[in-house]
Amino acid sequence: MTPNRKPERVEAVIIGAGASGAAAAKVLTERGMRVVALEKGPWRTKESFGGDELANVNRYNLWPDPILNPRTSRSSAADEAEVDLFCPVPQMVGGGTVHWQGWLPRFTPNDFRLRSIAGELPGTTLADWPIGYDELEPYYDRVEWAFGVSGHAGANKYEGPRTRGYPCPPMPQSRYAQKFHEGCEKLGWNSFPTPQAALSQPFNGRPATVVSAFAQQHGDPTGTRSSALNVFIPDALATGRYELRADSYVRELVLDERGRIKGAVYEDADGFVFEQEADVFLLACGAVETARLMLMSTSGRFPNGLANSNDLVGRNVTFHEYSASVATFDDPIYAWAGGGYVSASSFEFYEHDASRGFVSGGHIAAAGVGIPLPINWGLPGKPSWGAEAKQIDRDYFSHSMAVAMVLHDMPQHDNRVDLDDTVVDAWGLPVARITLAPHENDLAQGRFLVDRCGDILEAAGGQDVTRVYADKVTGNCSHQHGTARMGDDPETSVTDRNCRAHEVDNLYVVDGSPFPTATGANPTLTIMANAWRVAEHIATGAGNRG
């Protein structure tokens, strides 16, 4: 498509203004670089958010509209892909941090060397990271203090060394967090307050976060939640060197005669097409959409997609399937009174233990049961509307509790993102197609972790414990990683240790795409910390030579 015009050239273009893109923008602009951010979605203000479940979930106020932005998935290449909302993430300024609970645990030192610890796992592409915990730790610290994370350093006995503690003490305990700690204590298992992107007290000129049930899957109308939208974006704007263009859909990246990226071709909300030129380009679209954009950016040099001569762009994708055990208690738990802001966690079964018969483990944490989403969640065989449904809300939801787990799914070569050959989006471009099948290690690990979730509930006095096992990957979690794997060997990876494409020296990927493994923990803190690290590398000038 021929651009209508070319805006003034800048030093850096960041595609995406979510967690990673906003973190990189803050660092680059504060280091003196002029940055243009191209964000596909709108730039929303806090006044446009609220706790309307129908609007936020059913009418796609936050989620991608499946008519405009479809996606397809299948279990194998032999299956026909179906249109669905597999692993959706809000497409707007702030990205997934607009709707999150804000759980921000660090990865452990062993996460970066699991291949060395566990050895080869047949059927997987398990690999060590080219960087280690010690290299990333200073950036964990910087993100935690920028966000004002609430937590208790050292309470998780499995965490790695820290530069310093958290800037804010833990959020106040809810009744269901107390039940979680009680169950873990009776079992002799370590538990700790979940580090949260929320302020338990005023911090850095911002007021304490308003504790509300309307956190997960809802925007924050108070503006007190810590997010890319209300922390990193304002920091970047304050420099005067950041131009954020919302409603700007990047269609492709085009190369110059040297094989470097010359410009990003994008379409604005009015249908005008532009080509934004820059010295360096950063992809921050999320692992699915980053792979899609790279695959759509074909040329004579890269007929199979940008930086994809080894056919690894889009491969080794991982998604963290979510599952849980659920129980009821005689006394009310009131999981809806505080929502995800007042959670509790355990890494007791996080590290690899060969005696269990599978590789690795996952984060276990207290969670509400369908709260505050009663319209979209109900008991099997029970009415979903009317007086009886309201009574179920009063009786069941006030007395129920879930303990959930983050599955560390293994990377596999044939689990991938590519371009669908029949389905297109509202702009006429091929949509992302996810091909994904669980490895037996994923299923064994998931069953084990769900059983441990049930054990915690039983130890805390829970009744009618139901263990919900997952026998397939549904994409029910908004975590995505692995499609532009980082590594030292260009034959087995897409990007290097600084997340620069091996084949295109002015292209960087700063979202979850470079992760060689998913790990068993919520990834956003590590995504932001790594984006900060990479942006510092670029800003020194080491990342912009060619």
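Is Arg467 buried, exposed or partly exposed? Select Arg467 to begin the tour: at 23% relative accessibility, this residue counts as partly exposed. Keep in mind as you go that the model is predicted.

**Stop 1: a salt bridge from helix to strand**

With Arg467 still selected, add Asp455. The two side chains meet in a salt bridge, with 3.3 Å from N to O. This pair links distant parts of the chain, since Asp455 belongs to helix H9 (residues 440–459) and Arg467 to strand E16, twelve residues apart. Next, select Arg106, Glu137, Glu144, Glu159 and Arg162 together: salt bridges that share partners join these residues into one network. The structure holds 36 salt bridges, and two more are waiting at the following stops.

**Stop 2: helix H5**

Now move to helix H5 (residues 175–187) and pick out Glu182 and Lys186. Their side chains form a salt bridge, 3.4 Å from N to O. Why might such side chains pair up? Side chains of opposite charge can pair when their charged atoms come close. Here Glu182 and Lys186 are four residues apart in the helix, so about one helical turn separates them. Colour the pair by accessibility if your viewer allows it: Glu182 is partly exposed, with a relative accessible area of 28%, while Lys186 counts as exposed at 57%.

**Stop 3: helix H7**

Select residues 287–296 to bring up helix H7. How many of the ten residues of H7 are buried? Ten of the ten are, and the helix is mostly covered. Among them are Ala287, Val288, Leu293 and Met296. The buried residues of H7 also include Glu289 and Arg292, which form a salt bridge with their closest N and O atoms 3.0 Å apart. Because Glu289 and Arg292 lie three residues apart in H7, they are separated by about one helical turn. The relative accessibility of Glu289 is 16%, and that of Arg292 is 4%.

**Stop 4: two residues with positive phi**

Stay close to H7 in the sequence listing and choose His320, in the loop between H7 and strand E10 (322–328). His320 has a positive phi of about 60° although it is not a glycine. It is buried, with a relative accessible area of 1%.

Then jump to Tyr60, in the loop between helix H2 (53–58) and strand E3 (71–74). Phi of Tyr60 is near 60°, again a positive value in a residue other than glycine. Tyr60 is partly exposed, with a relative accessible area of 31%.

**Stop 5: around Val98**

Select Val98 next, in the loop between strand E4 (82–84) and helix H3 (114–118). Buried or exposed? Val98 counts as buried, at 4% relative accessibility. Show its surroundings: leaving aside neighbours within four places in sequence, Val98 is in contact with Phe49, Leu62, Met92, Val93, His218, Gly219, Asp220, Arg225 and Leu229. Add Gln217 as well. Val98 and Gln217 are 119 residues apart along the chain, yet their C-alpha atoms are separated by 8.2 Å.

**Stop 6: a negative patch**

Finish by switching on the surface. Which residues form a negative surface patch? Select Asp488, Asp489, Glu491 and Glu503 to see it. Glu503 sits in the loop between strand E16 (463–468) and strand E17 (507–509). With a relative accessible area of 34%, Glu503 is partly exposed.

Conventions: Residues are numbered from 1 along each chain as its sequence is written. This is a predicted model: local features need pLDDT of at least 70, side-chain atom pairs count only at pLDDT 80 or more; totals for chains, interfaces and linings use all residues. Side-chain values use heavy atoms; hydrogens and water are left out. Patches are made of residues with over 30% relative accessible area and no salt bridge: like charges are joined within 9 Å, nonpolar side chains (Val, Leu, Ile, Met, Phe, Trp, Tyr) within 5 Å. Accessible areas come from the Shrake-Rupley method with a 1.4 Å probe; for residues, only the protein chains shown count as cover. A salt bridge is a side-chain nitrogen of Lys or Arg within 4 Å of a carboxyl oxygen of Asp or Glu. Lys and Arg count as positive and Asp and Glu as negative; His and the chain ends are not counted. The place of a charge is taken as NZ of Lys, CZ of Arg, CG of Asp or CD of Glu. Buried means under 20% relative accessible area, exposed over 50%, partly exposed in between (1.4 Å probe, protein chains only). Contact means heavy atoms within 4.5 Å.
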